[in-house]
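Here's a quick briefing to read alongside the model. Have the viewer open and click through the residues as you go.

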Amino acid sequence: MSDIDPEKLPKHIAIIMDGNGRWAKGHALKRALGHRKGVESVRTVVEICRKTGIDVLTLYAFSMENWFRPHEEVSALMKLLAEFLDGEVQEMMDQDIKLMATGKIDSLEPAVLRKLKGAMEKTSGNRGMVLNLALSYGGREEIAMAARKILSDGLSGKIKADDVDEALFQSYLYTSGLPDPDLLIRTGGEHRISNFLLFQSAYTELYFTSTLWPDFREEDLLEAIAHYQKRERRFGRISEQL
Ligand code: IPE
Ligand code: IPE
Ligand code: MG
């Protein structure tokens with residue numbers, strides 16, 4: 001904790017939680033058990049972010065592309081999500097955490113969707129931190145969805161072509177109302193974005209670690225934040241202007 005400057009915290013941290021399958025393989029376990037182990041890292045990271053004073057934590061839990069994994073694995077992930085929602089709502093209430101979801105959530109199984117909506121409803125008045133789960137999420141799908149809604153509002157006369165600027169576009173995204181991520185962490189060693197927050201991450205600081213998600217602990221998160229705090233965010237300007 002001592003390496004962290006409380007004045008320079010990222011407001012919004014987003015995490016691509018990758019490496020569960022390889023973790024399981026390394027322990028001679030089924031992939032589903034890697035995902036199960038990964039839930040422990042989720043709990044840790046949520047708790048530490050809340051304690052540290054992060055405003056928004058977005059976790060990439062399931063991508064659009066993940067729907068194409070073997071049926072058995074998709075089912076295991078949905079079951080884990082349902083368990084997580086059942087098990088953590090009380091904890092979110094105790095920690096004053098508001099649950100949100102980002103993605104094409106209507107594609108989730110009806111029973112899981114019901115639990116998700118119930119948990120979001122129950123925690124909607126909480127103000128301590130936002131836990132935003134990216135579920136059935138794809139950055140390109142999100143941008144196409146926003147364009148579709150903008151066109152539809154244009155055709156019905158609600159907005160004009162000249163109204164469409166960056167701020168308006170942003171307001172049509174799933175993440176409307178949330179600040180852009182300041183820090184994006186990807187575990188598991190791959191150096192790619194995998195269709196995550198394409199619009200929102202225009203000026204996000206990227207941090208990659210080879211640590212597999214189930215091994216990701218408090219010290220890994222604090223190290224990522226400490227690295228972030230050493231970066232100079234210029235947003236196109238030069239150092240002297242900052
Ligand atoms: C990330 O772990 C979890 C999800 C994508 C749901 P993976 O399952 O992708 O793990 P690896 O990349 O195969 O190790
Ligand atoms: C990204 O991980 C999606 C999530 C962590 C939910 P993947 O494992 O699906 O990404 P790729 O396929 O390696 O790019
Ligand atoms: Mg992966």
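Leaving aside neighbours within four places in sequence, Asp153 is in contact with Lys158, Ile159 and Tyr172. Keep in mind that this is a predicted model. Asp153 belongs to helix H5, which covers residues 139-155. Asp153 counts as buried because its relative accessibility is 14%, and the cut-off for buried is under 20%.

**Ligand 1**

- Which residues come closest to ligand 1? Among the 13 residues that surround ligand 1, the closest are Asp18, Gly21, Arg22, Arg31 and Arg69.
- Three helices each supply at least two residues of the shell around ligand 1: H1 (20-26), H2 (31-52) and H3 (71-94).
- Of the contributions to that shell, H1 gives the most, with 3 residues.
- On the polar side, an N or O atom in the side chain of Arg69 is 2.8 Å from an oxygen atom of ligand 1.
- The backbone joins in too: a polar backbone atom of Asn20 is 3.1 Å from an oxygen atom of ligand 1, and a backbone N or O atom of Gly19 lies 3.4 Å from an oxygen atom of ligand 1.
- Taken alone, ligand 1 exposes 380 Å², and the protein buries 87% of that.
- If you're looking for the site by pocket, ligand 1 sits in the largest pocket.

**Ligand 2**

- The residues around ligand 2 include Ile16, Met17, Asp18, Tyr60, Ala61, Phe62, Ser63 and Asn66. Also in that set are Arg69, Arg186, Arg192 and Ser194.
- Strand E2 (residues 56-63) gives the most to the shell around ligand 2, with 4 residues.
- Which arginine side chain has an N or O atom 2.8 Å from an oxygen atom of ligand 2? That's Arg192.
- Asp18 has a polar side-chain atom 3.2 Å from an oxygen atom of ligand 2, and a polar side-chain atom of Arg69 also lies 3.2 Å from an oxygen atom of ligand 2.
- On its own, ligand 2 has 390 Å² of accessible area, and the protein covers 78% of it.
- The space taken by ligand 2 is the largest pocket.
- Arg69 turns up at both sites: Arg69 is one of the closest residues to ligand 1 and is also among the residues around ligand 2.

**The loop between E5 and E6**

- Ser194, one of the residues around ligand 2, lies in the loop between strand E5 (183-186) and strand E6 (205-208).
- Ser194 is not a glycine, yet its phi is positive, at about 50 degrees.
- Ser194 counts as partly exposed because its relative accessibility is 30%, between the 20% and 50% cut-offs.
- Leu197 is found in the loop between E5 and E6 as well, and Leu197 has a positive phi near 40 degrees despite being a residue other than glycine.
- Is Leu197 buried or exposed? Leu197 has a relative accessible area of 2%, so Leu197 is buried.

**Glu205**

- Glu205 is found in strand E6.
- With a relative accessible area of 15%, Glu205 falls under the 20% cut-off and is therefore buried.
- Not counting residues up to four places away in sequence, Glu205 touches Asp182, Leu183, Leu184, Tyr228, Arg231 and Arg233.
- How far apart in space are Glu205 and Gly157, C-alpha to C-alpha? They are 38 Å apart, with their positions 48 residues apart in sequence numbering.

Technical notes. Residues numbered from 1 in each chain as written. Chains lettered and ligands numbered in written order. Predicted model: local features only at pLDDT ≥ 70, side-chain atom pairs only at ≥ 80, totals over all residues. Heavy atoms only, no water. Buried < 20%, exposed > 50% of the residue type's maximum accessible area, 1.4 Å probe, protein only. Contact = heavy atoms within 4.5 Å. Near = heavy atom within 4 Å. Polar contact = N/O pair within 3.5 Å; in protein donor to acceptor, adjacent residues only side chain to side chain. Areas by Shrake-Rupley, 256 points an atom, 1.4 Å probe, with all protein chains shown as cover. 1 Å grid on protein atoms, 1.4 Å probe; cavity = no way out; pocket = protein on both sides within 12 Å on 5 of 7 lines; lining within 4 Å. Sits in = over half its atoms within 2 Å of the grid points.
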